[in-house]
Protein chains: 2
Amino acid sequence: MHLLISFSVCLLLAVTAVAQKPHPCKSPPLMVGRLSMIYPRGQLFVYERFSYDGLGQRIRVWAQGTNHNQSFYEDVLMLFREGVVYHISYRNQTCKKRALKVRFQPMEVPHNATLQAQIIIGSSSGPGQGLLVNNWVGEIPEKQANYYMTFTEFGCLPVSTLYTSEQYGWIFTSFFNLVIGIEDPQDFIPPDFCDTTKPVDEGEEVVTDFFEALLRKDDQ
Amino acid sequence: MHLLISFSVCLLLAVTAVAQKPHPCKSPPLMVGRLSMIYPRGQLFVYERFSYDGLGQRIRVWAQGTNHNQSFYEDVLMLFREGVVYHISYRNQTCKKRALKVRFQPMEVPHNATLQAQIIIGSSSGPGQGLLVNNWVGEIPEKQANYYMTFTEFGCLPVSTLYTSEQYGWIFTSFFNLVIGIEDPQDFIPPDFCDTTKPVDEGEEVVTDFFEALLRKDDQ
């Protein structure tokens with residue numbers, strides 16, 4: 001009996017310990033927020049406002065920045081399930097529809113990521129002075145890339161991501177002002193002046209990458 | 001009378017607005033914490049644990065990292081008021097005393113820094129999910145350098161600093177696990193095997209820079 005109790009206590013402690021260790025997590029499916037992205041090798045600096053719908057696999061992005069010292073502004077709606085990306089210009093009332101041949105990547109810590117450290121940004125000495133976050137590392141073998149991700153412990157919200165690879169150098173993204181939920185569901189509906197019925201010609205320009213989708217200028 | 005009330009209300013609103021705008025601030029005078037520093041041009045990566053006494057102008061640093069792919073470990077006590085730096089080795093029971101010719105730089109947002117943005121790292125949608133911080137920018141004309149600093153709104157704690165200059169490239173420091181107060185006041189007292197009475201020969205090696213102080217190897 002004594003042995004059984006000891007064993008139960010040990011098991012309980014073990015389960016508690018396992019439960020307390022951070023695990024890879026998924027971000028809330030509906031979010032709006034801002035991010036800044038630095039990609040030195042591509043001479044790219046982007047500041048974005050975005051609406052993210054992980055359920056419908058839809059992302060709307062309003063991006064501004066500089067690409068090779070040329071400033072740009074982009075309004076992009078990516079519908080991953082339909083495999084379509086719209087480059088929208090309200091000023092010109094134009095809309096370019098292109099094929100989007102890239103798998104939807106939800107905001108999450110990959111399930112095979114390794115916990116590097118749990119840290120507090122700022123301090124735990126006073127209320128509102130610190131943020132508990134987890135640092136994750138991992139590899140993407142098929143792209144010969146490594147990633148370093150920081151997500152909040154509570155809420156599983158992205159704080160920053162760093163991708164490094166021989167091919168691309170490094171891409172650093174920092175997230176902020178995140179709000180859980182969608183402010184305007186119309187963000188994911190193409191405006192009236194977009195011809196949504198127009199078929200996407202596969203022989204035409206095809207966007208195969210998230211960043212490429214962002215950077216193709218609306219050259220209509 | 002009506003005019004006077006209107007004027008008073010306007011003044012009150014103005015004062016409130018001014019009070020709500022973030023102002024450059026000083027960090028708590030006593031702190032312990034950790035930081036990581038990246039200085040690509042110097043091929044330097046450092047991870048530090050530090051004790052900081054802004055009142056006594058004393059900093060103790062336990063640093064480990066790589067410098068030109070050579071790993072190093074340093075235990076350094078900087079006494080800015082006395083103008084002395086000790087490079088301590090408990091393993092060898094040795095202690096190198098050098099002159100420290102650098103002005104103490106308290107942890108603070110410089111008074112002439114410009115507010116770039118107030119942002120929330122993470123989210124304000126749930127408790128413990130976000131951290132309100134202020135981004136500051138400024139110039140150091142005498143060093144032809146620019147700085148970008150992020151400090152918490154509550155507590156004025158450092159989150160990150162970025163220095164850029166033509167001469168050095170960029171130096172990025174990220175702070176975490178800060179605790180207000182000093183864990184061990186003995187951190188600032190040289191160990192017994194340090195000959196504190198030994199005069200510092202001004203003709204000898206002189207450390208004129210904080211980073212230099214950190215990187216001089218204990219070559220005794």
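A salt bridge is a side-chain nitrogen of Lys or Arg within 4 Å of a carboxyl oxygen of Asp or Glu. The exercises below concern a predicted model.

**Exercise 1.** Determine how many salt bridges join chain B and chain A, and relate the count to the residue classes on the side of chain B that touches chain A.

*Solution.* Begin with the count: between chain B and chain A it is zero salt bridges. Next, sort the side of chain B that touches chain A by class: 14 residues are nonpolar, ten are polar and none is charged. Since a salt bridge requires Lys or Arg on one side and Asp or Glu on the other, and these four residues are the ones that count as charged, the count of zero agrees with the absence of charged residues from this side of chain B. Polar contacts remain to be considered: the rule finds eight residue pairs across the interface, both residues at pLDDT 80 or more.

**Exercise 2.** Describe the extent of the interface and identify the elements of chain B that form it.

*Solution.* First, 24 residues of chain B are in contact with 24 residues of chain A. The two chains bury about 1,800 Å² between them, with 61% of it on carbon and sulfur atoms. Strands S7 (114-122), S8 (130-140) and S11 (169-180) of chain B each give two or more residues to the side touching chain A. S11(B) gives the most, with seven residues.

**Exercise 3.** Establish how the two copies are related.

*Solution.* A rotation of 180 degrees, with 0.0 Å of shift along its axis, superposes chain B on chain A at an RMSD of 0.0 Å. The copies are therefore related as by a two-fold rotation axis. Of the residues of chain B, B:Leu131 comes closest to that axis, its C-alpha lying at 2.9 Å. Finally, the same surface serves both copies, as 100% of the contact residues of chain B recur in chain A.

Terms used:
Residues are numbered from 1 along each chain as its sequence is written. Chains are lettered from A and ligands numbered from 1 in the order in which they are written. This is a predicted model: local features need pLDDT of at least 70, side-chain atom pairs count only at pLDDT 80 or more; totals for chains, interfaces and linings use all residues. Side-chain values use heavy atoms; hydrogens and water are left out. Contact means heavy atoms within 4.5 Å. Buried area is the accessible area (1.4 Å probe) that two parts lose on being put together, summed over both. A polar contact is a pair of N or O atoms within 3.5 Å; within protein, one must be able to donate a hydrogen and the other to accept it, and residues adjacent in sequence count only if both atoms are side-chain atoms. Helices (H or I, at least four residues) and strands (E, at least two) are DSSP runs, numbered from the N terminus. Copies are superposed by least squares on the C-alpha atoms of residues with pLDDT of at least 70 in both.
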